[in-house]
Amino acid sequence: MTDSTNILEEVLLWKALDFATLRQSSVSFFDVGKTETPVSRWARAQTRASKVGKGLSKNEKAQILAEKIWLEAIDPLHRYGISLNRYHDVWCNSESSQPFFYWLDIGDGKEVIVEKCSRSDLQSQCIKYLGPKEREAYEVIVKNGKLIYKKSGVCVETVEGTKWIFVLSTSRTLYVGQKQTHHFHHSSFVAGGASLSSGRLVVSNGDLEAIWAYSGHYRPTEEHLEEIISFLQDHQVDLTNVKKYSIDDDVVPDKSKISNESKGDGTK
């Protein structure tokens with residue numbers, strides 16, 4: 001079975017579970033007679049979200065979205081997860097029996113405004129979730145040790161002063177693109193699905209110079225960094241002078257500084 005077939009099946013499964021979860025989270029739960037405490041509501045929601053994430057892949061190393069982001073994934077508009085969580089906290093502490101999305105957009109909470117996130121920000125900060133065809137433009141392969149966009153044949157080139165992110169999918173397909181705050185994040189590449197590795201990188205004319213394990217959406221560990229390192233090694237990428245970071249301080253990297261540092265032992 002090809003990677004593209006696996007990806008398509010994964011996305012279709014995600015969409016089906018997405019719809020089922022959203023339906024269960026919203027209007028169909030509106031008729032539930034019993035009352036719940038905020039703690040029990042949150043626990044029930046977490047359990048449901050966890051099952052959705054784990055259902056995407058049988059790979060034991062797969063990593064699902066951080067729990068503060070799952071609302072973003074099941075929201076039809078994919079509004080930014082952190083912003084949704086600010087409203088979700090208000091809902092959890094309310095006495096409303098209405099399900100969260102119903103409460104937020106239609107019900108008792110539709111007039112609520114959270115101090116750190118206005119309604120206009122909530123509605124405008126929507127994360128792009130790529131479909132199978134859209135995702136093709138971000139797929140990267142390795143050719144002669146260089147990172148190249150499969151569809152266009154163009155070498156990956158990160159722009160200094162901007163943040164470039166990657167995700168290694170559970171089918172071991174690499175995606176690379178420029179981060180756009182509140183619009184294009186790590187969750188964009190695989191539509192909120194599970195990943196093996198995620199982070200940031202610096203690339204010049206297809207040559208990898210530095211790589212970070214960093215994602216607010218997936219919270220990767222050093223183990224997840226090893227997954228992308230293993231992938232690159234398997235594809236004959238020379239990592240001798242590549243700077244490798246297990247964590248990231250979210251500061252835009254300076255290419256000239258990385259170039260000078262890479263003359264050392266390639267680690268930090």
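1. Helix α4 covers residues 81-92 of this predicted model. Its 12 residues reach 16 Å from the first C-alpha to the last, which is close to the 16 Å expected at 1.5 Å a residue. Buried residues in α4 are Gly-81, Ser-83, Leu-84, Asn-85, Tyr-87, His-88, Trp-91 and Cys-92. As background to such a pattern, an α-helix has 3.6 residues a turn, so residues three or four places apart point the same way.

2. The loop between α3 (70-74) and α4 contains Arg-79, whereas Asp-105 belongs to helix α5 (residues 100-105). These two residues form a salt bridge, with the closest N and O atoms 3.0 Å apart. Because of where the partners lie, the pair ties together parts that are 26 residues apart in sequence. The two ends have separate settings: Arg-79 is buried, at 1% relative accessibility, while Asp-105 is partly exposed, with a relative accessible area of 37%.

3. The count of salt bridges comes to 7. One of them links Glu-134 to Lys-128, the closest N and O atoms being 2.7 Å apart. Glu-134 is partly exposed, with a relative accessible area of 35%, and Lys-128 is also partly exposed, at 37% relative accessibility. Another joins Glu-136 and Lys-133, whose closest N and O atoms are 3.8 Å apart. Here Glu-136 counts as partly exposed at 31% relative accessibility, and Lys-133 counts as exposed at 64%. In addition, salt bridges that share partners join Asp-75, Arg-79 and Asp-105 into one network.

4. The model has an open sheet of 7 strands with mixed pairing, in the order β2-β1-β4-β3-β5-β6-β7. At the edges stand β2 (146-149) and β7 (243-245); each has a single partner strand, so one side of each is left without a neighbour in the sheet. From one strand to the next, the twist averages 40 degrees.

5. At the β2 edge, the pairing with strand β1 (residues 139-143) is antiparallel and runs over 4 bridges. Within this pairing, Ile-141 stands opposite Ile-148 in β2.

6. Strand β5 (residues 195-204) merits attention. Of its 10 residues, 10 are buried, so the strand is largely enclosed by the rest of the structure. With strand β3 (residues 164-169), β5 pairs in the antiparallel sense over 5 bridges, and Phe-166 stands opposite Gly-199 in β5. Strand β6 (residues 207-212) likewise pairs with β5 in the antiparallel sense over 5 bridges; there, Leu-201 has Ile-211 in β6 as its bridge partner.

7. The connection from β5 to β6 is a hairpin with 2 residues between the strands. Asn-205, in the turn, has a positive phi of about 50 degrees.

8. His-186 lies in helix α8 (residues 186-189) and is buried, with a relative accessible area of 5%. Its side chain makes a polar contact with the side chain of Ser-215, at 3.2 Å. Leaving aside neighbours within four places in sequence, His-186 is in contact with Ile-165, Phe-166, Val-167, Ser-198, Gly-199, Tyr-214, Ser-215 and Tyr-218. Among these contacts, Phe-166 and Gly-199 are the residues that stand opposite each other in the pairing of β3 with β5.

Note on methods:
Residues numbered from 1 in each chain as written. Predicted model: local features only at pLDDT ≥ 70, side-chain atom pairs only at ≥ 80, totals over all residues. Heavy atoms only, no water. Pairing = 2+ DSSP bridges. Axes fitted to C-alpha atoms, helices over the stretch in contact; angles between N-to-C directions. Buried < 20%, exposed > 50% of the residue type's maximum accessible area, 1.4 Å probe, protein only. Polar contact = N/O pair within 3.5 Å; in protein donor to acceptor, adjacent residues only side chain to side chain. Contact = heavy atoms within 4.5 Å. Expected span 1.5 Å × (residues − 1). Salt bridge = Lys/Arg side-chain N within 4 Å of Asp/Glu carboxyl O.
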